[in-house]
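User: Please take a close look at one strand residue and its surroundings, and then follow the packing outwards into the rest of the chain. I am a first-year student, so please explain each term as it comes up.

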Amino acid sequence: MVLHYDVVIIGAGVAGLYCAKHLPKNLKVLILCKSEPWECNTFYAQGGISIARDTSDIASHMRDTILAGSELNDTQSVQKLSEESLEILQELMDSGLALDREANGALAYTQEGGHSLPRIVHAGGDGTGRVLHTFLIHSLQHTLWKSACVVDLLLEDDVCYGINVETKKGMVQIYSNHIVIASGGVGGLFKYHTNAYTISSDLQGIILEHNLELANMEMLQFHPTVYVEAKSARKLLISEAVRGEGGKVIDSQGKRFLFKYDKRGELAPRDIVARAIVDYCTKNKQKAFLDLSAFKGEDFKKRFPNIYRELNACRLDIPRELVPISPAFHYCMGGILTDMSARVKGVKNLYAIGECAYNGVHGANRLASNSLLEGLVFGKSAALEILNSTRANPTRHFPLLDQALEKEGDMRLRDLLREIMWQKVGVIRSKDSLNSALGGIEVMLESNIGRMLKLRLLVARNIVQSALKRQKSKGAHYRVD
């Protein structure tokens with residue numbers, strides 16, 4: 001089957017949906033998601049949306065973002081992010097998004113690690129992502145396909161003509177004047193992660209196949225407070241806002257040890273807190289816990305209803321019982337190299353937005369709650385670029401992809417890859433551990449494997465090679481050697 005569209009958006013998270021929201025109904029637009037639309041990281045986002053409090057706070061928001069990012073950020077991108085946050089907030093409220101408010105009707109702001117003041121708006125307590133995603137889905141005016149897995153880009157002579165998509169009815173070829181990648185990060189590469197199960201780095205692998213660039217892929221953020229004893233593949237994230245509002249990290253003797261590593265303690269940026277937990281627990285043969293005793297039961301349940309429900313489902317008495325925590329993979333700061341207008345460098349009419357993209361906003365470590373904001377700001381930018389473009393692709397014909405997507409044994413190797421990445425390319429790295437990981441990945445790449453596993457392995461190899469190349473610690477990339 002061959003189809004034609006004006007715009008195809010790969011991914012139905014905040015970036016893809018906000019891009020679609022800014023494309024008029026007279027354009028033929030198709031949004032694709034690999035499973036159900038809510039199986040995306042946006043839906044599970046807890047903390048909120050980072051917003052400059054007013055124009056006078058833009059400089060401070062930029063400074064916090066750049067400090068958290070170890071000054072590896074692109075300053076112009078950070079400026080765009082912060083300056084446009086106020087307009088984005090007004091757009092969302094004018095459209096009817098219900099944000100949490102104080103008793104007097106004012107917007108409720110919370111503070112998270114790395115922020116110099118409370119500037120994070122939220123909805124549904126700790127359900128900001130769920131509320132925002134549901135809101136965008138309900139306002140969607142374009143066609144959305146579920147259970148559609150993009151397996152290749154139709155690229156030739158620096159032009160992207162369309163995509164190959166595996167659907168329940170078989171392989172479909174879709175041609176389009178504009179293709180937007182909004183497919184999310186790389187969580188499926190790690191044994192312990194907080195991501196939706198659909199997030200597996202397929203599009204990043206396709207980018208590498210076509211000799212396009214991924215940038216700063218060694219910069220992987222591990223969220224410090226995750227309940228990894230949950231049986232699901234997606235481990236239970238405990239929002240940074242919990243620490244921002246009184247949650248304490250302690251050892252089994254009740255000692256608050258984070259201040260040994262940073263004077264900000266629980267409010268230090270995520271990379272610092274994650275490393276501190278790993279280092280302290282390893283050296284002292286201790287376990288780390290989140291102490292929620294600062295909260296009253298009903299107050300915690302009202303402020304963080306989803307965290308309360310999920311931890312109670314794991315038979316934890318919240319907030320009275322200590323919650324065992326560990327870092328887990330959370331977010332990829334690197335991605336498909338783009339310019340500030342979300343255009344993929346080196347290809348015409350191809351865009352990348354959200355976590356899959358690298359535009360320089362996050363640098364070496366993402367500041368808490370800047371991710372939803374990035375999806376909103378750059379999703380809108382991509383839409384405006386498309387609307388300002390008069391380009392129409394000429395008719396081209398590509399053969400249908402005939403590679404086996406999955407082969408016997410792929411699942412076992414996929415689990416092995418996740419173990420390797422967690423053990424050897426995690427919070428703390430060394431030359432030996434990275435070379436060991438690279439060797440294992442190379443062996444698997446030479447095996448008789450299906451296409452989808454190959455794409456994962458290409459991205460994993462790129463991450464390890466990038467980590468080996470950056471020999472000095474920077475932000476979320478920490479080398480003990």
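Analyst: Val29 has a relative accessibility of 3% and therefore counts as buried. Buried means under 20% relative accessible area, exposed means over 50%, and partly exposed lies in between, with a 1.4 Å probe and protein chains only. The model is predicted, so local features need pLDDT of at least 70 and side-chain atom pairs count only at pLDDT 80 or more, while totals for chains, interfaces and linings use all residues. Residues are numbered from 1 along each chain as its sequence is written, and side-chain values use heavy atoms, with hydrogens and water left out.

Val29 belongs to strand S2 (residues 29-32). Helices (H or I, at least four residues) and strands (E, at least two) are DSSP runs, numbered from the N terminus. Apart from neighbours within four places in sequence, Val29 is in contact with Tyr5, Val7, Ile9, Leu23, His142 and Thr143; contact means heavy atoms within 4.5 Å. Some of the surroundings are far off in sequence: Val29 and Leu144 are 115 residues apart along the chain, yet 8.7 Å apart in space, C-alpha to C-alpha.

Next comes Val8, in strand S1 (residues 2-10). Val8 is buried, with a relative accessible area of 1%. Not counting residues up to four places away in sequence, Val8 touches Leu30, Leu32, Ile163, Ile174, Ser176, His178, Ile179 and Val180. Val8 and Thr143 are 135 residues apart in sequence and 9.9 Å apart in space, C-alpha to C-alpha.

Ile163, a contact of Val8, leads to the nonpolar cores. A nonpolar core is a set of buried Ala, Val, Leu, Ile, Met, Phe, Trp, Tyr and Cys residues joined through side-chain atoms within 4.5 Å. The largest one has 66 residues, and Ile10, Leu153, Ile163, Ile181, Leu350, Met421 and Val464 touch the most other members. Helix H14 gives the largest share of this core, 11 residues. A second, separate core has 43 residues, including Val14, Ile31, Ala182 and Ile386. Leu153 shows what a well-connected place looks like: leaving aside neighbours within four places in sequence, its contacts include Ile10, Cys160, Ile163, Ile181, Leu203, His210 and Leu350.

H14 has 19 residues and reaches 27 Å from its first C-alpha to its last, close to the 27 Å expected at 1.5 Å a residue. The expected span of a helix is 1.5 Å times one less than its number of residues. Of the 19 residues in H14, 15 are buried, so the helix is largely enclosed by the rest of the structure.

H14 (451-469) and helix H12 (410-424) are among the elements that cover the buried residues of helix H13. Those buried residues are Ser433, Leu434, Ala437, Leu438, Ile441, Met444 and Leu445. Seen down the axis of H13, they fall within an arc of 135 degrees, so they line one face of the helix; the arc is that of the directions from the helix axis to the C-beta atoms. An α-helix has 3.6 residues a turn, so residues three or four places apart point the same way. On the other side of H13, Asp432 and Val443 are exposed.

In H12, the buried residues are Asp410, Leu413, Arg414, Leu417, Arg418, Ile420, Met421 and Trp422. Their cover includes strand S11 (220-227), strand S15 (323-332), H13 and H14.

Val14, named in the second core, is also one of the residues of helix H1 that pack on helix H11. Val14, Ala15, Tyr18 and Cys19 in H1 meet Leu372, Gly375, Leu376, Gly379, Lys380, Ala382 and Ala383 in H11. The axes of H1 (residues 14-21) and H11 (residues 370-387) come within 7 Å and cross at roughly 35 degrees. Axes are lines fitted to C-alpha atoms, for helices over the stretch in contact, and angles run from 0 to 180 degrees between N-to-C directions.

Last, the backbone. Most residues other than glycine have a negative phi, and most peptide bonds are trans. Asn211 has a phi near 60 degrees, a positive value in a residue other than glycine, and at 71% relative accessibility Asn211 counts as exposed. The bond from Ile318 to Pro319 is cis, with omega near 5 degrees.
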